[in-house]
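Please look through the structure shown here, and then follow the explanation below from one part of the chain to the next.

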Amino acid sequence: MRRSRRNTLTQANHVALPDYDDVCLVLQGGGALGSYQAGVFEGLAEVGIDPTWTSGISIGALNTAIIAGNAPEDRVAALRGFWNTICQPADLVGHVGAFMPAAFGFANIGRKFSSMWAAARALTEGQKGFFSPRVQLPLTHTKSRRPSDVSFYDTSALRATLLQYADFDRINDGAMRVSVGAVNVRTGNLVYFDNTKMRLAPEHFMASGALPPGFPAVEIDGEFYWDGGLVSNTPLTEIFRESQHKDTLVFQVDLWSARGTLPGDFLDISERTKDIQYSSRTRAITDFVSHNQKHARLIKELLEHVPEKVRRSHPLLREAQKVADGGAVNVVHLIYKNKFFEGHYKDYEFSNDTMGEHWASGLEDIRRSFGHPEWFEVPSHDLGFVTHDVHRFEPAPQATAEMPKAAVQKLDDVVEGV
């Protein structure tokens with residue numbers, strides 16, 4: 001029996017969704033960019049949308065733990081606490097480096113310097129409550145050394161941070177379905193840890209974000225796991241696989257854009273490579289689902305030419321009928337757009353200022369999406385699958401007057417390319 005997902009209109013700004021079987025929140029990996037996802041979630045919370053299923057990989061898995069591990073009214077505050085813990089304010093060099101160019105009319109140069117400096121600090125100092133450099137790097141192989149000891153950084157502080165901001169009894173009570181992806185180091189297979197199939201602990205979420213060689217493999221039940229983004233940086237496939245016969249609304253929150261500008265130097269190449277690699281397969285997955293829906297419609301049309309008695313009696317035709325009677329999937333796609341000051345280091349630039357900008361961008365994008373209420377209707381079962389992206393349907397915001405022409409052009413190129 002279908003469960004009602006219609007929200008109660010208790011406040012003027014709440015959104016009443018149609019009766020979807022599932023409302024899913026899908027969070028891609030992307031390190032420091034993950035505060036964009038927190039902004040998107042704040043936008044969902046302020047209109048009263050409570051996902052029935054949240055799935056994430058890497059930093060998306062950490063955000064998933066905070067969301068699922070708190071009562072609905074506490075989730076945004078818990079996300080803020082988590083991100084304020086793992087991000088850090090600028091030090092003296094960062095402040096001076098940002099102030100001096102601004103004093104001479106080059107504020108954007110200062111902003112870029114402060115971002116680069118914050119990323120350099122993350123590499124050399126680590127991040128409070130998240131990871132710290134190993135004093136002695138394991139550069140030589142020994143039989144006694146475990147995979148969990150081989151990395152540039154130690155992530156043991158992350159476990160305490162997750163326990164501080166997420167209640168794992170709540171995560172496991174089943175009120176919200178939770179699944180996070182990680183890669184088995186031995187087999188190379190992508191697996192999903194799901195609270196409907198096992199009891200989840202901090203280690204399951206840490207494993208999903210254990211990107212080598214920076215972060216160590218995490219041991220779970222005698223097996224070692226790395227970041228799920230090594231195989232696929234979006235858990236969208238897992239959602240689609242189990243939503244074949246349901247009406248499903250998916251908020252897909254990506255941190256990397258597959259489309260971008262042509263690189264002009266080696267640093268641009270590094271950034272563009274990350275964009276392509278970690279945007280991994282979102283478009284391919286949605287294209288695949290769209291093709292499947294077309295095939296289902298074709299099967300349905302063919303079955304209409306078969307007598308009903310034959311359809312019911314023949315086992316292959318009964319299976320075909322199941323395929324033809326699939327649900328409708330609606331994907332509202334939110335994709336982070338690069339800031340003019342960011343570079344190849346954007347996924348490990350954990351400054352408070354940049355975190356705040358990422359968060360604000362996510363909140364703005366989801367609010368703009370809610371400006372199109374028709375996007376949230378259940379798609380026709382004849383159509384079967386639709387996707388919406390606010391950056392494809394609305395003109396990009398105008399660049400500010402203070403930006404240098406080169407920065408404005410670069411920003412415009414990025415927005416146009418998506």
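Strand 5 (residues 177-184) and strand 6 (residues 190-194) form a hairpin with 5 residues between them, and within that turn Gly188 has a positive phi of about 80°. Helices and strands are taken here as DSSP runs, numbered from the N terminus, with H or I over at least four residues for a helix and E over at least two for a strand. The two strands of the hairpin pair in the antiparallel sense over 5 bridges, where pairing requires that DSSP finds at least two bridges between two strands. One place to see this is Val180, which stands opposite Phe193 in strand 6.

This is a predicted model, in which local features need pLDDT of at least 70 and side-chain atom pairs count only at pLDDT 80 or more, while totals for chains, interfaces and linings use all residues. Residues are numbered from 1 along each chain as its sequence is written, and side-chain values use heavy atoms, with hydrogens and water left out.

Strand 5 also has other partners. Strand 8 (residues 223-227) runs antiparallel to strand 5 and is joined to it by 3 bridges, with Ala182 standing opposite Asp227. Strand 2 pairs with strand 5 in the parallel sense over 5 bridges, and here the bridge partner of Ile57 is Gly181 in strand 5. Strand 5 is mostly covered, since 8 of its 8 residues are buried, a word that means under 20% relative accessible area, whereas exposed means over 50% and partly exposed lies in between (1.4 Å probe, protein chains only).

From strand 5 we can move on to strand 2 (residues 53-57), where 5 of the 5 residues are buried, so that this strand is largely enclosed by the rest of the structure. Both of its faces are covered, with Trp53, Ser55 and Ile57 buried on one side and Thr54 and Gly56 buried on the other. Strand 2 runs parallel to strand 1 (residues 22-27), and 4 bridges join the two; Leu25 stands opposite Thr54 in strand 2.

What lies in the loop between strand 2 and helix 2 (59-68)? Ser58 is found there, and it has a positive phi of about 60° although it is not a glycine. Most residues other than glycine have a negative phi, and most peptide bonds are trans. Ser58 counts as buried because its relative accessibility is 11%. Asp221, in the loop between strand 7 and strand 8, has a phi near 50°, again a positive value in a residue other than glycine, but Asp221 is exposed, with a relative accessible area of 78%. As for the peptide bonds, the one from Pro212 to Pro213 is cis, with omega near -5°, and Pro213 is found in the loop between helix 8 (202-208) and strand 7 (218-220).

The helices can be followed in a similar way. Two packed helices are described by the angle between their axes and the distance between the axes. The axes of helix 1 (residues 35-46) and helix 3 (residues 75-86) come within 10 Å and cross at roughly 165°, where axes are lines fitted to C-alpha atoms, for helices over the stretch in contact, and angles run from 0 to 180 degrees between N-to-C directions. That makes helix 1 roughly antiparallel to helix 3, a description used for angles over 145 degrees, while those under 35 count as roughly parallel, 65 to 115 as roughly perpendicular and the rest as oblique. The contact, meaning heavy atoms within 4.5 Å, is made by Ser35, Ala38, Phe41, Glu42 and Ala45 of helix 1 and by Arg75, Val76, Leu79, Arg80 and Trp83 of helix 3.

Helix 3 also meets helix 6 (residues 156-165), and their axes come within 10 Å and cross at roughly 155°; helix 3 and helix 6 are therefore roughly antiparallel to each other. Their contact is made by Ala78, Gly81, Phe82, Thr85 and Ile86 of helix 3 and by Leu158, Thr161, Leu162 and Tyr165 of helix 6.

For the chain as a whole, there are 16 helices and 11 strands, and of its 418 residues, 52% count as buried.
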